[in-house]
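Please take a moment to look over the sequence and the fold together before reading on. The paragraphs that follow lead from the interior to the helices and then to the sheets.

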Amino acid sequence: MILEKIEQLMREVQAATAHNAEEVEQLRQKYLSKKGEITLLMNDFRSIAADQKKTVGMKINELKQLTQERINQMKAECEMQEDTAGNIDLTRSPYPVRLGTRHPLTIVTNEIIDIFSRMGFVLADGPEVEDDLHVFTKMNFAADHPARDMQDTFFVSQHPNDVTKNILLRSHTSSVQARVMEHMHTEDGKLTAPIRVICPGRVYRNEAITARAHCFFHQVEGLYIDKNVSFTDLKQVLLSFAREMFGPDTQIRLRPSYFPFTEPSAEMDISCFICGGEGCGFCKHTGWVEILGCGMVDPNVLEQCGIDPNEYSGYAFGMGVERITNLKYRVSDLRMFSENDVRFLEEFTAAN
């Protein structure tokens with residue numbers, strides 16, 4: 001008796017038709033809902049003889065599968081009919097819209113910001129078109145420093161009689177640090193609060209565009225000023241950053257260097273994460289790769305920005321985002337970052 005009922009329902013399902021979504025839903029409720037025909041069959045299934053359960057069970061599953069497929073088919077047909085009836089969006093692209101991806105420089109910048117944010121640094125920003133006062137003078141650059149020369153800096157306007165009035169495209173994001181410092185102290189040189197900022201941004205230098213240099217690039221600089229800040233604090237922060245960025249086994253070394261705005265100054269290398277410090281072509285067989293410059297803020301910089309250097313000290317560091325990106329993804333040509341070649345950018349889809 002139950003097998004005959006199943007056969008009858010199969011014929012009904014195969015012959016069923018629907019002209020709109022509402023009729024499809026009515027058929028679904030008739031056969032597949034909690035009070036539908038197939039559910040009632042399951043209730044009858046409990047009372048049949050044990051030797052028939054396997055055969056009947058298979059037939060019920062076959063009916064259920066057939067019904068679900070037929071419902072899906074009718075639903076698709078109704079949706080197609082609605083589209084062809086005048087509901088097509090003629091402005092829609094005939095091809096699937098491909099998802100975009102973040103630029104590799106954005107990916108790395110966000111990673112750097114995230115690492116330092118977890119150490120307590122906050123974001124600071126400033127104008128890209130700056131004055132000489134914040135880019136050079138307050139950063140302890142001498143009036144005849146080579147960086148002021150037209151060969152290195154893009155000037156918007158120049159004032160030969162007063163270089164502090166020159167307007168230029170910033171050549172480093174240290175100008176942001178100068179603006180932060182001059183707004184974070186009282187008239188007597190006391191800090192209103194400890195300064196702990198990170199300054200990401202685009203910078204410009206008058207250089208020939210090659211595989212290893214560009215007229216614009218991106219930097220991330222950091223600054224921390226408070227009482228009793230030491231070089232040890234700087235070293236620990238940079239070690240933590242290197243291990244977060246390049247792996248927990250990364251080692252660092254600091255080499256003496258010179259920057260006008262820090263004293264003492266250093267350049268930081270990390271152990272080559274490709275060869276593990278043993279030496280390879282990437283690290284020029286030294287086992288080390290340079291990634292940033294750093295040092296203790298020069299007392300002259302603090303004084304120029306209105307902070308008492310006898311009471312406060314601090315450290316600063318700066319790195320090129322392109323440099324870090326090259327290390328992480330081994331991009332050999334800097335020009336690829338600004339050419340917007342989709343084939344190149346698509347390689348970073350998984351990095352999002």
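How many cavities of 30 Å³ or more does a search of the whole structure find? In this model, which is a predicted one, the search finds 1 such cavity. About 40 Å³ of space lies in the largest cavity, and its lining is made up of Val 13, Ala 16, Leu 27, Tyr 31, Thr 67, Arg 70, Ile 71 and Met 74. Two elements, α2 (21-32) and α4 (53-87), each give two or more residues to this lining, and the largest share, 4 residues, comes from α4. If you sort the lining residues by character, you will find 6 nonpolar, 1 polar and 1 charged.

From the cavity we can turn to a pair of helices. Helix α5 (residues 104-117) and helix α8 (residues 231-246) have axes that come within 10 Å of each other and cross at roughly 135°. Angles over 145 degrees would count as roughly antiparallel and those from 65 to 115 as roughly perpendicular, and α5 and α8 are therefore described as oblique to each other. The crossing in which α5 passes α8 is right-handed.

The strands come next, beginning with an open sheet of 3 strands, whose order is β2-β4-β3 and whose pairing is antiparallel. Because β2 (129-131) and β3 (155-157) stand at the edges and have a single partner strand each, one side of each is left without a neighbour in the sheet. Neighbouring strands of this sheet are, on average, turned by 35° against each other when direction is ignored. To follow one pairing in detail, look at β2 and strand β4 (residues 167-169), which pair in the antiparallel sense over 3 bridges; here Glu 130 has Leu 168, in β4, as its bridge partner.

Another open sheet has 7 strands, arranged in the order β1-β5-β6-β10-β9-β8-β7, and its pairing is mixed. Which strands stand at the edges of this sheet, and why is one side of each left without a neighbour? The edge strands are β1 (122-123) and β7 (252-259), and since each has a single partner strand, one side of each lacks a neighbour in the sheet. Elsewhere in the order, strand β9 (residues 288-297) and strand β10 (residues 313-320) run antiparallel and are joined by 5 bridges. A residue pair to look for in the structure is Cys 294 and its bridge partner Phe 317, which lies in β10.

Key
Residues numbered from 1 in each chain as written. Predicted model: local features only at pLDDT ≥ 70, side-chain atom pairs only at ≥ 80, totals over all residues. Heavy atoms only, no water. Pairing = 2+ DSSP bridges. Axes fitted to C-alpha atoms, helices over the stretch in contact; angles between N-to-C directions. 1 Å grid on protein atoms, 1.4 Å probe; cavity = no way out; pocket = protein on both sides within 12 Å on 5 of 7 lines; lining within 4 Å. Points joined across faces, edges and corners; volume = space filled by probe spheres on them. Nonpolar A, V, L, I, M, F, W, Y, C, P; charged D, E, K, R; others polar. Parallel < 35°, antiparallel > 145°, perpendicular 65-115°, else oblique. Left-handed = near helix turned anticlockwise from the far one by under 90°.
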